[in-house]
Amino acid sequence: MVDNSPLPPERLGPRLAEVYAVLGPLYRRVARLVEHDSPRSGLSIGVRAVLERLEMAGTAETVPQIARTLELSRQFVQRMVNDALAQDFVELKPNPAHRRSSLVELTEAGRAAINALQQREHETMGRVGGDLTEADIETTLRVLRHMLAAVPETDPR
């Protein structure tokens, strides 16, 4: 039987370390799947991150805004935006708030590409199994958000 009382710090740390130990390989495995699918979808893992961010934001953003949100360097995000531009997945719009920092906007082709990739992923993840419940997923997200909030941010430059 699982104890539902909060763990003391000396037990919490090792248990959350187990979560980190699973997250790393899981993230890398998913990244490899995206990269493997790249020839079909045209999306590298970096371009995918930019398109997904813009799709989630629902609005155009600057490269620095995207970089901050994704916790990536501006230079890397700029390279990914350039790749996405070359594929007509995004377009640059004038930014009334900042003349030198254009807004990056998702095109219909970019929206279609990220939505198709997400649909394939959702179908794959739907076959995970394990009799997972909505409560299981909510608990997992709550734990991961606490873990994210507890890890200090560093400048990804």
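**Group meeting: R48 and the packing of helix α2**

Hi everyone, thanks for coming. In this protein, confidence bottoms out in α1, with a mean of 84, and peaks in strand β3, residues 103–106, at 98. As those scores suggest, what you have in front of you is a predicted model. Averaged over the protein, pLDDT is 89, and 94% of the residues score at least 70.

I'd like to spend my few minutes on helix α2 and one arginine in it. Let's begin with the helix and its neighbours.

Take α4 to start with, which covers residues 74–86. Its axis and that of α2 come within 9 Å, crossing at roughly 90°. That makes the two helices, α2 and α4, roughly perpendicular. Who meets whom there? On the α2 side we have G46, V47, V50 and L51, and they meet F76, V77, M80, V81, D83 and A84 of α4. Sorted by character, the residues of this contact are 8 nonpolar, 1 polar and 1 charged.

Now turn to α5, residues 108–125. Here the packing angle with α2 is about 100°, and the axes are 10 Å apart. Since angles of 65 to 115 degrees count as roughly perpendicular, α2 and α5 are therefore described that way too. From α2, the contact uses R48, L51, E52 and E55; from α5, it uses G110, R111, I114, N115, L117, Q118 and E121. The make-up of the α2 contact with α5 is 3 nonpolar, 3 polar and 5 charged residues.

That brings me to the arginine I promised, R48. Where does R48 sit? You'll find R48 in helix α2, which runs over residues 45–57. Is R48 buried or exposed? R48 has a relative accessible area of 8%, and because the cut-off for buried is under 20%, R48 counts as buried. Leaving aside residues up to four places away in sequence, R48 touches V34, L43, I114, L117 and E121.

Which residue does R48 pair with in a salt bridge? The partner is E52, and the closest N and O atoms are 3.0 Å apart. Both R48 and E52 belong to α2, with their positions 4 residues apart, about one turn of the helix. There is a further member to mention: R48, E52 and E121 are linked in a network of salt bridges. Remember that E121 is also among the α5 residues in the contact with α2.

Let me put that pair beside two others. How many salt bridges does the structure hold? There are 7. One of the others joins E18 to R15, with the closest N and O atoms 2.9 Å apart. These two sit 3 residues apart in helix α1, residues 9–41, so about one helical turn separates E18 from R15. In this case both partners are partly exposed: E18 has a relative accessibility of 43%, and R15 has 40%.

Another salt bridge runs from R53 to E61, where the closest N and O atoms are 2.8 Å apart. For this pair, R53 and E61 are both buried.

To wrap up, if you rotate the model yourselves, I'd suggest keeping R48 in view. R48 is a buried residue of the model, and its network of salt bridges includes E52 and E121. Thanks for listening, and I'm happy to take questions!

Technical notes:
Residues are numbered from 1 along each chain as its sequence is written. This is a predicted model: local features need pLDDT of at least 70, side-chain atom pairs count only at pLDDT 80 or more; totals for chains, interfaces and linings use all residues. Side-chain values use heavy atoms; hydrogens and water are left out. Buried means under 20% relative accessible area, exposed over 50%, partly exposed in between (1.4 Å probe, protein chains only). Contact means heavy atoms within 4.5 Å. A salt bridge is a side-chain nitrogen of Lys or Arg within 4 Å of a carboxyl oxygen of Asp or Glu. pLDDT is the predictor's confidence in each residue, from 0 to 100. Axes are lines fitted to C-alpha atoms, for helices over the stretch in contact, and angles run from 0 to 180 degrees between N-to-C directions. Angles under 35 degrees count as roughly parallel, over 145 as roughly antiparallel, 65 to 115 as roughly perpendicular and the rest as oblique. Ala, Val, Leu, Ile, Met, Phe, Trp, Tyr, Cys and Pro count as nonpolar, Asp, Glu, Lys and Arg as charged, and the others, Gly among them, as polar.
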